[in-house]
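Biologist: I should like to go through this structure with you and hear the reasoning behind each term. Please begin with the criterion that a polar contact has to meet.

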Amino acid sequence: MKNKLLWIVFLLAFMPLTEAQEHKVEVISEGHQFTEGPLWHADALWFSDIPASTIYRWQPETGTEVAVRPSSGANGLIVDADGNLLMAQHNARRIARLNADGTQTSLADAYEGKRLNSPNDLVLGENGVLYFTDPPFAVSEEEQELAFAGVFALSTTGELTLIDDQLHRPNGIILSPDEQTLYVTDAYRWQIFAYDVSAAGITNKRLFAELEGEYDQGMDGMAVAADGTLYVAGPEGIYVYDASGDLLETIALPDFTANVTLVETDGRVLYVTNQTEIFKITLNSTN
């Protein structure tokens with residue numbers, strides 16, 4: 001941890017004098033294998049460690065503790081209207097609900113009779129519709145039953161609808177504050193797509209933003225602020241876009257930034273899963 005903090009101090013000291021220099025970056029949890037799925041719920045940060053098949057809960061007063069183990073390689077996390085934890089499980093290749101008694105219920109594990117690949121990230125609308133991505137990150141080519149990596153919608157009645165089968169590696173997924181736009185990252189094409197959401201379905205797919213060049217790591221999870229500002233985890237840190245898709249700034253971080261969640265109180269705080277560590281980033285007043 002000492003070396004990591006020294007790296008951050010060095011980075012902030014020599015980066016250009018921009019607004020990003022004012023952000024406060026802290027390591028709040030460390031020693032993990034590969035962290036993902038940050039979720040702020042019940043005054044605590046919940047996050048996954050995929051290889052460890054564990055979901056952790058972090059609170060400022062008590063630190064990090066095990067919340068769910070085994071988690072079937074859970075990645076993305078969300079909470080439903082009843083307070084139940086919903087998990088995108090790599091190993092079980094499904095979306096599952098953690099019930100109050102500790103049992104798990106499968107909500108979606110197949111499409112048209114074929115097993116899902118490895119559900120990755122998910123977001124829940126106020127109408128109860130669950131949207132999720134299903135890239136083949138955790139399955140071999142021989143294990144794949146679907147001929148595509150999909151973006152899906154799961155209705156309140158359990159009906160699974162395919163939204164898009166043309167993305168290469170759909171990854172992060174989030175809804176806009178008014179829930180009229182769905183955003184999805186295509187990881188290794190370093191693109192973000194937007195879709196219109198209405199009672200008629202998901203329409204008007206369009207390119208929202210993309211990174212120039214190629215990187216060792218892809219674009220991943222996202223968080224969105226009340227004003228529509230989008231925070232996207234990517235190969236060099238957090239990429240901040242306005243609601244029009246213009247890049248406002250990049251918050252540079254070490255290693256690979258996999259996912260991010262946002263807490264808005266008096267200001268904005270990002271919780272970032274950054275491979276073996278969890279970062280807390282207190283943003284300056286301009287973002």
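Modeller: A polar contact is a pair of N or O atoms within 3.5 Å, where one must be able to donate a hydrogen and the other to accept it. Please bear in mind that this is a predicted model.

Biologist: What makes the approach of the D80 side chain to N84 a polar contact?

Modeller: The side chain of D80 reaches the backbone nitrogen of N84 at 2.8 Å. Because the cut-off is 3.5 Å, this pair qualifies as a polar contact. D80 itself is found in the loop between β6 (74-79) and β7 (85-89).

Biologist: Why is D80 said to have no salt bridge?

Modeller: The nearest side chain of opposite charge, R97, is 5.0 Å away. A salt bridge requires a side-chain nitrogen of Lys or Arg within 4 Å of a carboxyl oxygen of Asp or Glu, so the pair D80 and R97 does not qualify. D80 is nevertheless buried.

Biologist: Which residues is D80 in contact with, leaving aside its neighbours within four places in sequence?

Modeller: These are L86, R97 and L124. The limit for a contact is heavy atoms within 4.5 Å.

Biologist: Why is strand β17 described as largely enclosed?

Modeller: Buried means under 20% relative accessible area. Six of the six residues of β17 (residues 181-186) are buried, so the strand is largely enclosed by the rest of the structure. Both of its faces are covered, with T181, Y183 and T185 buried on one side and L182, V184 and D186 on the other.

Biologist: How do you know that β17 pairs with β16 and with β18?

Modeller: Two strands pair if at least two bridges are found between them. Four bridges join β16 (residues 170-175) to β17, and β17 and β18 (residues 191-198) share six; both pairs therefore satisfy the criterion. Both pairings are antiparallel. P170 stands opposite D186, while the bridge partner of V184 in β18 is F193.

Biologist: What is notable about phi in the turn between β17 and β18?

Modeller: In this hairpin, which has four residues between the strands, W190 has a positive phi of about 55 degrees.

Biologist: What makes β2 and β5 edge strands?

Modeller: Four strands form an open sheet in the order β2-β3-β4-β5, with antiparallel pairing. β2 (35-41) and β5 (63-68) each have a single partner strand, so one side of each is left without a neighbour in the sheet. The twist averages 30 degrees from one strand to the next. Five bridges join β4 (residues 54-59) to β5, and R57 stands opposite E65 in β5.

Note on methods. Residues numbered from 1 in each chain as written. Predicted model: local features only at pLDDT ≥ 70, side-chain atom pairs only at ≥ 80, totals over all residues. Heavy atoms only, no water. Helix = DSSP H or I, 4+ residues; strand = E, 2+ residues; numbered from the N terminus. Axes fitted to C-alpha atoms, helices over the stretch in contact; angles between N-to-C directions. Buried < 20%, exposed > 50% of the residue type's maximum accessible area, 1.4 Å probe, protein only. Lys, Arg positive; Asp, Glu negative; His and termini not counted.
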